[in-house]
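Me: Could you walk me through this one? I'd like to go over some side chains, a surface patch and the inside of the protein.

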Amino acid sequence: MLEAFQNIFKIPELKKRVLFSLAALAVYRIGCHIPVPGVDTQALAHFFKAAEGTLLGMFGMFTGGALEKLAVFALGIMPYISSSIIFQLLQVVLPAIEKLAKEGDAGRKKITQYTRYGTIVLSVIQGFGISIGLEAMRGPAGELVVPNPGWGFRLMTVITLTAGTAFIMWLGEQMSEKGIGNGISLIIFAGIVARIPTAIGNSARLIKTGELSILVLLLVAAMMFLVIAAVVFIERGQRRIPIHYAKRVVGLKTVGAQTSHLPLKVNMAGVIPPIFASSIIMFPATVGNFINIPWVQRVSKSLTPGNWIYNIFYVAFIIFFCYFYTAVTFNPVDVADNVKKQGGYVPGIRPGKETSDFLDSVLTKLTFAGAIYISAVCVLPSILIGKFNLPFYFGGTALLIAVGVGMDTLAQIEAHLITRSYEGFMKGVRIQGRK
């Protein structure tokens, strides 16, 4: 593997792409430490420390700590992701958007443009909401988080946060075009792994004070290794449906019989279900920070990570969104019709409706297995933090994103190396889907 990393810098184009991505990530991390004017950052840090386990804590995880400092990149790339998900769902609801999606590159460019507009709108709304919320926040000693509230502060905050998100969106697109890997995914990845040094420092501090034993830390490290290996194994897992194509005439040529396959991933929905589930179930816990009503506080406390009620609702929402998002992104009827039009068929299954029913049955079983797998990974942090008193957050959506982005980026680098006759990261092995 060390030799493979050395080979990266022997290919001028690949070297340029990797260095561009690293430079862009450095710019992103610098922006995460530049605060918005008019905010008492120390009082804000105390407030966020008390808000761990709420929606604010989850957003802070994805922004790499920028939200806790209310930096210019405090909103992160979440508005862009939300806008992308909205337009992806609208392709099923609105015929006009669905028509654009089927028009090829021109239609996709139009949807991308609408997604950017949606990102700006969401950033303005979220920025205004944050500015209003900040004016009502107080530190542990009663000090105001915003010493000089008013419309001047609100407008400054909205403009700063919206401009920061727009810049991150542009930076991610530049990384995808001129760098290596998916720029938006790498920005999220950078925000997640930025907390690793802090977690290591907290662990060392607890070991010195005797609050965390070395044996427990070694057991947790072994568990972390096994969980990451399981995530890699399942994320690459596929159910390959064999497709046979009969001999047919294409133009003036006769194409012989061919055999292919339709890959169906175990986790078709990706990381969308835990993101949606976390957002919904943590909303009451977030509202509880602003509303001092006894029954609201009780509901808020029962729906925070570590509580058994939270885990039950969390798993239920994950399973629901796994099926929902898979149904939105994969239509067995359309796939069966496309296979039939190309003269293909699944061995032992009649083309048309029987093929779509077969695909739907297989997909239902795979989705259930994927939902159980995602649920197990996502409830892992609550178990580790509650049982072992760990000072860091391991598992859940962050782990799925970090492992997935890491594998995809390494696969792209390896493709560049192999194309130019260099050895990949593992001799004799290529990073690919597992059958």
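**Salt bridges, a patch and a cavity**

Reply: Sure, starting with one acidic residue, and keep in mind that this is a predicted model. Asp357 has a relative accessible area of 39%, and since buried means under 20% and exposed means over 50%, Asp357 is partly exposed.

Me: Which residue does Asp357 form a salt bridge with?
Reply: Look along helix H17, where the two residues sit four apart, so about one helical turn separates them. The closest N and O atoms are 2.9 Å apart. Asp357's partner is Lys353.

Me: Is Lys353 buried or exposed?
Reply: The relative accessibility of Lys353 is 62%. The cut-off for exposed is over 50%, so Lys353 counts as exposed.

Me: How many residues apart are Glu173 and Arg116?
Reply: These two form a salt bridge, with 3.0 Å between the closest N and O atoms. Glu173 is in helix H9 and Arg116 is in helix H8, so the pair links distant parts of the chain. Their separation is 57 residues.

Me: And Arg236, is that one buried or exposed?
Reply: Arg236 forms a salt bridge with Asp408, the closest N and O atoms being 3.6 Å apart. Arg236 lies in the loop between helix H12 and strand S1, while Asp408 is in helix H18. Asp408 counts as partly exposed at 44% relative accessibility. Arg236 has 19%, and because buried means under 20%, Arg236 counts as buried.

Me: Which helix gives the largest share of the nonpolar surface patch?
Reply: The patch is formed by Phe128, Ile132, Trp151, Leu155 and Ile159, with about 520 Å² of accessible area together. Helices H8 and H9 each supply at least two of the residues. Leu155, found in H9, is exposed at 51% relative accessible area. With three residues, the largest share comes from H9.

Me: Now the inside: how many charged residues are in the lining of the largest cavity?
Reply: About 40 Å³ of space lies in that cavity, and its lining is Val266, Asn267, Met268, Ala269, Cys322, Thr326, Thr367, Gly370 and Ala371. Five of the lining residues are nonpolar and four are polar. The number of charged ones is therefore zero, as Asp, Glu, Lys and Arg are what count as charged.

Me: Which helix gives the most to that lining?
Reply: Two elements give two or more residues to the lining of the largest cavity, helix H15 and helix H17. The top contribution is three residues, and it comes from H17.

Note on methods: Residues numbered from 1 in each chain as written. Predicted model: local features only at pLDDT ≥ 70, side-chain atom pairs only at ≥ 80, totals over all residues. Heavy atoms only, no water. Patch = residues over 30% accessible without salt bridge, like charges linked within 9 Å, V, L, I, M, F, W, Y side chains within 5 Å. Areas by Shrake-Rupley, 256 points an atom, 1.4 Å probe, with all protein chains shown as cover. Salt bridge = Lys/Arg side-chain N within 4 Å of Asp/Glu carboxyl O. Buried < 20%, exposed > 50% of the residue type's maximum accessible area, 1.4 Å probe, protein only. 1 Å grid on protein atoms, 1.4 Å probe; cavity = no way out; pocket = protein on both sides within 12 Å on 5 of 7 lines; lining within 4 Å. Points joined across faces, edges and corners; volume = space filled by probe spheres on them.
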